[in-house]
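Grab a pencil and open the viewer. Below are some short exercises, each with a solution worked out step by step.

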Amino acid sequence: QIRYSIPEELTRGAFVGNIAKDLGTDVAKLAAANLQVLSDSDSQYFSVNVNTGVIMVSERIDREQLCGQNPRCFLHLKLAIENPVEFYRIEVEILDINDNPPKFPSDEVSLRIYELASLGARFPIQPAQDPDVGTNTLQTYHLSANDNFNLNVKARTDGGKFPELVLERALDREFRAFHYLVLTAEDGGSPPQSSKIRITIQVLDANDNHPVFDRPSYGARLVENSPLGTLVVKLNATDVDEGPNGDIRYSLSSHNSAALRQIFAIDEQTGEIRVQGNLDFEEATVYEIEVEAKDMGSPTMEEHCSVVVEITDVNDNAPEVILTSFSSTLSEDALPGTVVAVIHVRDRDSGEQGKVLCHVSPDLPFQLRKDYEHQYSLLTSTRLDREHVAYYNVTVSASDLGNPPLSRHTILPITLIDVNDNAPQFEQTSYEVLVAENNPVGSVLVTVSAADPDSEQNSRLSYSILRAGGTDPGLDPTRYLSIHPTNGQVTAKFPFDYEQTTYLQFHVEVSDGGSPALRNRTLVHVFVVDQNDNAPRVHFPRAGEDSATQFRISPSIVPPALITKVVAIDADSGRNAWLSYHLVEATDLGLFSVALRSGEVRIMRALQETDASEHELLVVVRDAGEPPLSTAVTLVVLVEEKGPEALQGSEAQAADGGGLPTITLYLIVSLVLISTVSLVALAALGI
């Protein structure tokens, strides 16, 4: 048996094999042996050239026609030789060639798939047929690139391969209502052959699409305080579904606050959002409105979007001044630069309109220092004096940079706390007081008054008496005087006696209640004014009480002879010491006279025989005080024929020279001095 293998579809005359060579026989012998080739089939596919011993193809061989899908295909021949007769079996294996492409039953197939079909759903496609066998038969399928389907090939036990479309990604009719795919069947030949089938997939609609806004979010800008009804934005949403599934209604989402719903409203048909409340930049600079769009399908599907509304600021808010730290009281000895208040300023507006500048009046002893943005410190700029200004109303003015600018004024009341920095001051540097002697005990001689511009305890004054320097040590003022410690009234402890004390000088010291206390002094001059409290006193002639002094004169005395001189002294001064002499009573008033100022007693006419021999004269010495005081002296003049004139004359002369000129001079000097001092004191008191 001889076996040959040839591919199908060889051309006629194609070489199959050399029998002579394969049988090891001479070609000539084969030709003489009448070589014949007999086939088992009805067709004679081979022939033998007896001259060469070569078997050749005599007809077209189609393996698929001969053997179908059998994996091996053989043609059997019989070779007959005569002389002697011999038979040889020849087996020719027909090898498959890739001469047939896979072929689908039709060129196009249509599928209708619901767009909500589950992922993983399988859709079988009629398989392609390839009559070739082995590697030349159908080996694989290829699906054109797409987003939704994958290809799955099921292999049967008989080697058949069936393609299936597997849904890997959800369908969306609104995105693509038709899908056009190409399925390619390919064999394993070399080169491979293939065929294609077009697959048309129609996606059936379902309400699987929610409305879609043309933008993921919307933005708008409005000026605060916009009028009601102002259009904010017009929304636009579309639904690619059909019919009721694509009919859209707009509404504000329930996620929006109640306050926001009072400010904005939306038209459910047009999607227009309008202002229906007050817009205030200071309450909210941005509003984010959540809007939903619903279709009318079943079930309803919805979509949400946000609308961001930015509010543009308008300068409608005045700056605010907030006291972070403030002391309404300040010690007057605070140094310049002392912090009184820390001020925080803010303006609810934004941008330039929210920038704030602060200032205080330059006329006040305060200034503002900017610590950093929005914070200022109020400082003292100069020394303070509570006694000059005890209370300040510092107006802090805050202005923004808007156009027109808005401002706000805040008044900070600042009270200065007193410091004992001022000594008490008397109203007068010195006081001059005229005090009538014999003043009542406890009478107010003078009230010294001092003032202290400090306050409260620092201005509570206390008075005391000090002895003035240079004053007679025996004249201790505290012995005669006392002073009320609070009202400064100087009172007398004893009555003054001009005849003992005419002048007193002392200091009054005042001290305040501060710590330490401050003091001041003033000088007080007390002039004792004389009162007419002393009656004249007769020094000559001396006489005992209720007795008279006798004088003798000659009957021949010649008028106006001096009989005697009454000498009197008044311990008072001034007018109170001006004495006058008066003849009040006499035996004969025309016979004698008394000099008004000198007190000389003279005889005025010659004595006559008819005149009495004894004359009694009552002389009254009277001062010029108010009321006047007086002293009387009785003189008895005896007329004797042989009177001792020498004695009378010597006594008169002694009386005349015994002190009258000295007393008179003393009185005159005292009167002038007292008058001058009184006038000066009165003038000073008047000033």
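**Exercise 1. Find how many disulfides the whole structure holds, and say which residues are joined.**

Step 1: a search of the whole structure turns up 1 disulfide, where a disulfide is a pair of cysteine sulfur atoms within 2.5 Å. In general, such a link is a covalent bond between the sulfur atoms of two cysteines.

Step 2: the partners are C67 and C73, with 1.7 Å from S to S.

Step 3: look along the S-S bond of C67 and C73; the angle about it is 70 degrees, and the link is right-handed.

Before you go on, a word on the ground rules. This is a predicted model, where local features need pLDDT of at least 70 and side-chain atom pairs count only at pLDDT 80 or more, while totals for chains, interfaces and linings use all residues. Residues are numbered from 1 along each chain as its sequence is written, and side-chain values use heavy atoms, with hydrogens and water left out.

**Exercise 2. Decide whether C67, C73, C305 and C358 are buried or exposed.**

Step 1: get the scale straight. Buried means under 20% relative accessible area, exposed over 50%, and partly exposed in between (1.4 Å probe, protein chains only).

Step 2: take the disulfide partners. C67 counts as buried because its relative accessibility is 15%, and C73 is buried too, at 1%.

Step 3: do likewise for two other cysteines. C305 has a relative accessible area of 4%, so it is buried, and C358, at 14%, is buried as well.

**Exercise 3. Work out what kind of aromatic pair F123 and F149 form, then try F366 and Y392.**

Step 1: recall the rule. Rings of Phe, Tyr and Trp (its six-membered ring) pair if their centres lie within 6.5 Å; planes under 30 degrees apart count as stacked, over 60 as edge-to-face and the rest as tilted. That rule gives 10 aromatic pairs.

Step 2: the rings of F123 and F149 sit 6.5 Å apart, centre to centre, with 75 degrees between their planes, and the pair is edge-to-face. It links distant parts of the chain, since F123 belongs to strand 9 (residues 122–124) and F149 to strand 11 (residues 149–155), 26 residues apart. Helices (H or I, at least four residues) and strands (E, at least two) are DSSP runs, numbered from the N terminus. Both F123 and F149 are buried.

Step 3: F366 and Y392 are edge-to-face, with 5.4 Å between centres and 80 degrees between planes. This pair also links distant parts of the chain: F366 is in strand 28 (residues 366–372) and Y392 in strand 30 (residues 391–400), 26 residues apart. F366 and Y392 are both buried.

Step 4: for a bonus, look for the cluster in which ring pairs link F213, Y218 and Y250.

**Exercise 4. Locate V396 and say why it counts as buried.**

Step 1: V396 is found in strand 30.

Step 2: V396 has 1% relative accessibility, so it counts as buried.

Step 3: now jump 185 residues along the chain, between V396 and Y581; their C-alpha atoms are separated by 88 Å.

**Exercise 5. Track down two cis peptide bonds and the loops that hold their prolines.**

Step 1: S298 and P299 are joined by a cis peptide bond, with omega about 0 degrees. P299 sits in the loop between strand 22 (286–295) and strand 23 (302–312).

Step 2: F540 and P541 share another, with omega about -5 degrees. P541 lies in the loop between strand 41 (537–540) and strand 42 (549–553).

**Exercise 6. Compare how accessible E9 and E456 are.**

Step 1: E9 has a positive phi of about 65 degrees although it isn't a glycine. You'll find E9 in the loop between strand 1 (2–7) and strand 2 (15–18).

Step 2: E456 isn't a glycine either, yet its phi is positive, about 50 degrees. E456 is in the loop between strand 35 (450–451) and strand 36 (462–467).

Step 3: E9, at 24% relative accessibility, counts as partly exposed, whereas E456, at 64%, counts as exposed.
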